[in-house]
Amino acid sequence: MKTMKLIKERNLVRKNWRKMDLRVALCYPNKYHIGMSSFAIHLIQHLFNSRNNVVCERVFLPYTKAQPTSIESNQPLKNFDLIGFSVQFETDYPHIVKMLLDSLIPPYARERDDKEYPLVIGGGPCISANPEPITDFFDLLVVGDIEPVLDKIIDHCLKFKNPRNRLNELLDMPGVYLPSLNQDTIKSVWVNEMDNILHPLQQIVPLVERKDKVSPAFGKTFLMEISRGCSHGCRFCLIGYTNRPYRERSLSVLEKIVDKGIELTGVKKVSLIGAAISDYKRLEDLCWYIVNSGLNLSLSSLRTDRVTPSLIEAITASGQQTIAFAPETGTNTLRSCTKKHMTNDDIARAAQISAEYGIKHLKFYYLIGLPKEEESDLNGIIEQVKEISQLKFKRGLSLSINPFVPKAHTPFQWDPHPPIEILREKKRFLESALRKFAPKIELKFLDFRWSKIQALLSRGDRNLSKVIKTVAEGQISLGSWRKALSDANIKLEEYINRFSLYDEMPWDHIQLNFRRESLIKERRLVEN
Ligand code: SF4
């Protein structure tokens with residue numbers, strides 16, 4: 001395995017530390033190739049570095065047992081004034097603590113009262129939904145978008161020798177959560193007008209081959225954020241609630257971003273970033289603009305009800321061979337229970353167009369164990385796959401089947417995580433039925449034991465911080481989770497299913513861009 005020091009990158013930014021007033025370590029609590037696939041890392045580093053007197057360097061979880069150090073100048077975390085964690089997934093929580101411990105920084109904020117320790121802040125979708133399991137490790141958390149608060153946080157750090165002691169001055173700032181102070185409510189903040197915010201153009205490009213283990217998911221690409229949020233509000237989906245409202249950049253702005261971004265990065269591929277890419281109003285025009293500029297295109301999952309021949313033609317013309325759809329369930333009834341408004345006919349039609357217009361590999365995402373799921377819904381998946389597998393895709397059909405994990409701030413936040421034995425039964429049922437008519441189909445199931453850990457963290461409270469710390473101190477594995485929970489006297493099954501419908505929740509003080517009552521109303525609609 002290449003160590004991070006040996007990874008060559010284009011557009012690396014190195015600033016003269018001696019001339020800087022604020023040194024920021026931007027941490028991604030996972031390995032380099034995962035962190036560099038995240039648009040947030042490119043964006044936040046660019047935002048910090050756009051201030052002349054601030055230097056921001058990236059730090060990832062090391063591939064080896066080494067201490068985490070910055071990519072740009074090999075500095076340990078202790079040498080920075082500010083450490084910012086971009087947190088995208090709950091299962092990365094122990095990595096946050098591990099990176100602090102391995103850097104000889106006390107992980108609990110209350111143990112860092114000395115000014116010699118950097119201020120530790122964090123943000124990201126899980127933090128905006130429910131930061132409680134990890135609040136003890138942070139001095140400050142950002143709830144919502146980073147842009148409205150970033151300059152004020154920088155100014156605060158520049159103004160005070162020991163900014164930790166003066167955090168109370170930020171108490172009334174929307175979007176800022178100060179876990180050590182008593183805040184009744186923390187209101188999220190968001191950017192209204194995406195055309196008015198910075199987009200990173202001179203992005204860092206890892207100069208590694210696609211097959212290299214340190215290569216980011218999209219390879220050498222320019223990541224272009226076209227929109228934020230999603231207006232559909234599927235009842236199981238975190239992003240559909242935490243990142244509201246839906247906002248998008250105009251086509252003319254995106255065309256300029258493509259031109260300049262490609263010039264400055266020297267890559268040949270544009271990857272579209274957004275929670276609801278297919279909702280972008282001028283998606284076809286944008287895709288054709290990219291294709292007609294002689295570039296490759298990469299987009300993640302599309303909504304089947306938005307698929308058109310012209311869109312698929314643009315995708316295949318750009319060289320992309322795979323397309324992903326997320327029907328989530330096998331029947332219209334259960335799909336409408338989840339508020340994912342698309343029909344089996346939409347799905348069949350989208351698959352048909354994809355086959356006709358040259359897509360070589362189709363990928364489907366399903367959820368099992370959703371509230372109200374019946375055996376007929378599993379049969380629906382089998383029927384749907386049977387129908388689609390009649391179509392010809394040169395590189396076949398893949399299914400990714402994951403268990404439903406209840407998430408904070410969604411209408412299903414009160415629902416239980418399905419028991420593992422039931423999930424295993426469903427898995428066996430699907431596997432044996434699907435293998436009968438499509439023996440070569442690629443089938444992937446998330447390990448249900450890990451989905452339980454996700455369920456634990458997504459709806460946890462502050463009692464979990466000691467568990468997370470114990471896990472971080474050892475090997476991060478299912479075994480260490482089991483042991484840490486038992487040491488803390490927490491029974492996993494009971495803990496993750498401890499809520500009754502409409503109970504108050506540990507994250508009710510986080511106020512997102514909708515009223516709590518609307519979640520209750522949405523949940524009630526499922527019962528009717
Ligand atoms: S599942 Fe997709 S369409 Fe539904 S709310 Fe989430 S991002 Fe939006």
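**Figure 1. Contact between the two domains of the predicted model.** In this predicted model, 37 residues of domain 1 are in contact with 48 residues of domain 2. Several elements build the domain 1 side. β1 (9-10), α1 (32-35), α2 (39-49), α3 (93-102), α4 (125-129) and β8 (186-187) each supply at least two residues to the side that touches domain 2. Among these, α3 gives the most, with 5 residues. By class, this side of domain 1 has 18 nonpolar, 10 polar and 9 charged residues.

**Figure 2. Division of the protein into domains.** Domain 1 spans 4-187, and domain 2 spans 199-527. Taken over C-alpha atoms, the centres of domain 1 and domain 2 are separated by 26 Å.

**Figure 3. The shell around the ligand.** Which residues are around the ligand? They are Cys230, His232, Gly233, Cys234, Cys237, Ile239, Gly240, Ala275, Ala276 and Lys340. How many residues of each class does the shell have? The shell has 6 nonpolar, 3 polar and 1 charged residues. Three of the residues named around the ligand are cysteines: Cys230, Cys234 and Cys237. Ala275 and Ala276 are also around the ligand, as is Lys340.

**Figure 4. Helix α8 and its buried face.** Helix α8 comprises residues 283-292. Leu283, Leu286, Cys287, Ile290 and Val291 are buried in this helix. Why do these residues lie on the same side of α8? They cover an arc of only 135° around the axis, which puts them on the same side. The general pattern is simple. An α-helix has 3.6 residues a turn, so residues three or four places apart point the same way.

**Figure 5. Packing and exit of helix α8.** What do the buried residues of α8 pack against? Their partners are two helices, α7 (251-265) and α9 (309-317), and two strands, β13 (269-273) and β14 (296-298). Just after α8 comes Gly294, which takes a positive phi of about 80°.

**Figure 6. The open sheet of 6 strands.** The strands follow the order β3-β2-β4-β5-β6-β7. Pairing in this open sheet is mixed. The edge strands are β3 (54-60) and β7 (176-177), and each pairs on one side only.

**Figure 7. The β6 and β7 pair.** Strand β6 covers residues 140-142. In which direction do β6 and β7 run, parallel or antiparallel? The two strands run antiparallel, and 2 bridges join them. Leu141 stands opposite Tyr177 in β7. In the sheet order, β7 follows β6, and β7 is one of the edge strands.

Note on methods. Residues numbered from 1 in each chain as written. Predicted model: local features only at pLDDT ≥ 70, side-chain atom pairs only at ≥ 80, totals over all residues. Near = placed C-beta within 6 Å. Nonpolar A, V, L, I, M, F, W, Y, C, P; charged D, E, K, R; others polar. Domains from an automatic or database assignment. Contact = placed C-beta atoms within 7 Å. Helix = DSSP H or I, 4+ residues; strand = E, 2+ residues; numbered from the N terminus. Buried ≥ 20, exposed ≤ 12 C-beta atoms within 10 Å, placed from the backbone. Arc of directions from axis to C-beta. Pairing = 2+ DSSP bridges.
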